[in-house]
Amino acid sequence: MKRRLIAGNWKLNGSLAFNAALVAELRAGLQAAAPACRVAVCVPAPYLAQVGGLLAGSPIDLGAQDVSSQASGAFTGEVSAAMLRDFGVRYAIVGHSERRQYHGESDAVVAEKVRQSLAGGVTPIVCVGETLAQREAGQTEGVVKRQLAAVIHANGHCISEIVVAYEPVWAIGTGRTATPEQAQQVHALLRAQLKAATERAPAMTILYGGSMNAANAANLLSQPDIDGGLIGGASLKAPDFLAIIAAASRDGA
Ligand code: PEP
C-alpha cells in the first residue's frame, strides 16, 4: 500500500544551532510516536551534511530544495544530483514556484532538472501550480497540465519515479489554503494526466502544498488523490510538523 509522504521545505531558513534543535525535537517526537508515513526535510544546501548527520538512524529522509539541470562542468554555483546523492539526499524539490518566479525557471529547465535528478538517483518532488490571476481567469487546468506535460515529455517511462506536488501559488506562505475539494479537483486532473503516460500512475505520490498546517492537514489528506504534503512554514515548528505527520499517519497512511 502507498504510504503518504510529508516533506518539509525549510526554504532560506535555519542555522547550525536552529537545525540541531529542530531535528532533536522531531526525532524525540517520532520516537514517542513512530510515523506510519514517509517523512523528509528539504534543507538549504550548506546544511545538507550537518542535517544528514543529525538524521542518521531516524525515520526522516534528507531532501534538497533544488538541483542543477547540468551533470557537471563550468556552471558556477550549481549543485548536481550526484553531489546531492553523495550526501545521502533522497529527494530534491524541483520547479518550486519561488524558483520559477525569482530565478526564471522555465518548464523546459524544470523538465531538465527532473531528468538530471532521476539520472543521479535523487527523487524529484516536482512542483506545479497556478497563480491567483490564472485561477481567476479559469486557467488552472491549462497551467498545471502544461507544467506537468513538459516534465512527462522529457522523462518518458521514468516519469513513474517522480513525486508531484500541487502547490497553488496563491496558497504558499499566505495562510490561504485551497479547500480539500479545490485541491482534489486538481490532483485528480494530474493523476489522469499521469495515467495517460504510465500505468503506474495510481501508485505515484501527489502532494498538496500551500499553507498546510496542523489544523487543516487531516481534511486535505482525506481526499482520494492527496497522498501527502509539502510543508513550508509549519515545517519549521516541530510541534506543528509532528502534528501533520500524525495526521498523515492515521487511517489510510
Ligand atoms: C512551500 O514552500 O512549498 C509551501 C507550501 O509553503 P507554506 O506551507 O508556507 O505555504
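Begin with helices α1 and α2, which are roughly parallel to each other in this predicted model. Their packing angle is about 25°, and angles under 35 degrees count as roughly parallel. The two axes lie 10 Å apart, and α1 passes α2 in a right-handed crossing.

**The α1–α2 contact**

Select L16, N19, A20, V23 and R27 in α1, then Q50, V51, L54 and L55 in α2; these two sets of residues meet.

**Helix α1**

Next, display α1 alone, residues 16–32. At 1.5 Å a residue, its 17 residues should span 24 Å, and the 25 Å between its end C-alpha atoms agrees with this.

Which residues of α1 are buried? Colour N19, L22, V23, L26, G29 and L30, which are the buried residues of this helix. Turn the view to look down the axis of α1: the buried residues fall within an arc of 125°, so they line one face of the helix. In general, an α-helix has 3.6 residues a turn, so residues three or four places apart point the same way.

Now add what covers the buried residues of α1, including β2 (38–42), α2 (48–55), β3 (60–64) and α10 (238–249). On the face of α1 turned away from its buried side, select the exposed residues L16, A17, Q31 and A32.

**A28 and S58**

Remain in helix α1 and select A28. Is A28 buried, exposed or partly exposed? With a relative accessible area of 44%, A28 is partly exposed. Add S58 to the selection: A28 and S58 are separated by 30 residues in sequence, and their C-alpha atoms are 9.8 Å apart in space.

**Helix α7**

Move to α7, residues 140–155. This helix has 16 residues and reaches 23 Å from its first C-alpha to its last, close to the 22 Å expected at 1.5 Å a residue.

Within α7, select T140, V143, V144, Q147, L148, V151, I152 and N155, which are buried. Around the axis these residues cover an arc of only 165°, which puts them on the same side of α7.

What do the buried residues of α7 pack against? Show the helices α4 (97–102), α5 (107–119), α6 (132–136) and α8 (180–195), together with the strands β5 (123–128) and β6 (163–166); the buried residues of α7 pack against these elements.

Finish just after α7, at G156, where the backbone takes a positive phi of about 50°.

Technical notes. Residues numbered from 1 in each chain as written. Predicted model: local features only at pLDDT ≥ 70, side-chain atom pairs only at ≥ 80, totals over all residues. Heavy atoms only, no water. Helix = DSSP H or I, 4+ residues; strand = E, 2+ residues; numbered from the N terminus. Expected span 1.5 Å × (residues − 1). Buried < 20%, exposed > 50% of the residue type's maximum accessible area, 1.4 Å probe, protein only. Arc of directions from axis to C-beta. Contact = heavy atoms within 4.5 Å. Axes fitted to C-alpha atoms, helices over the stretch in contact; angles between N-to-C directions. Parallel < 35°, antiparallel > 145°, perpendicular 65-115°, else oblique. Left-handed = near helix turned anticlockwise from the far one by under 90°.
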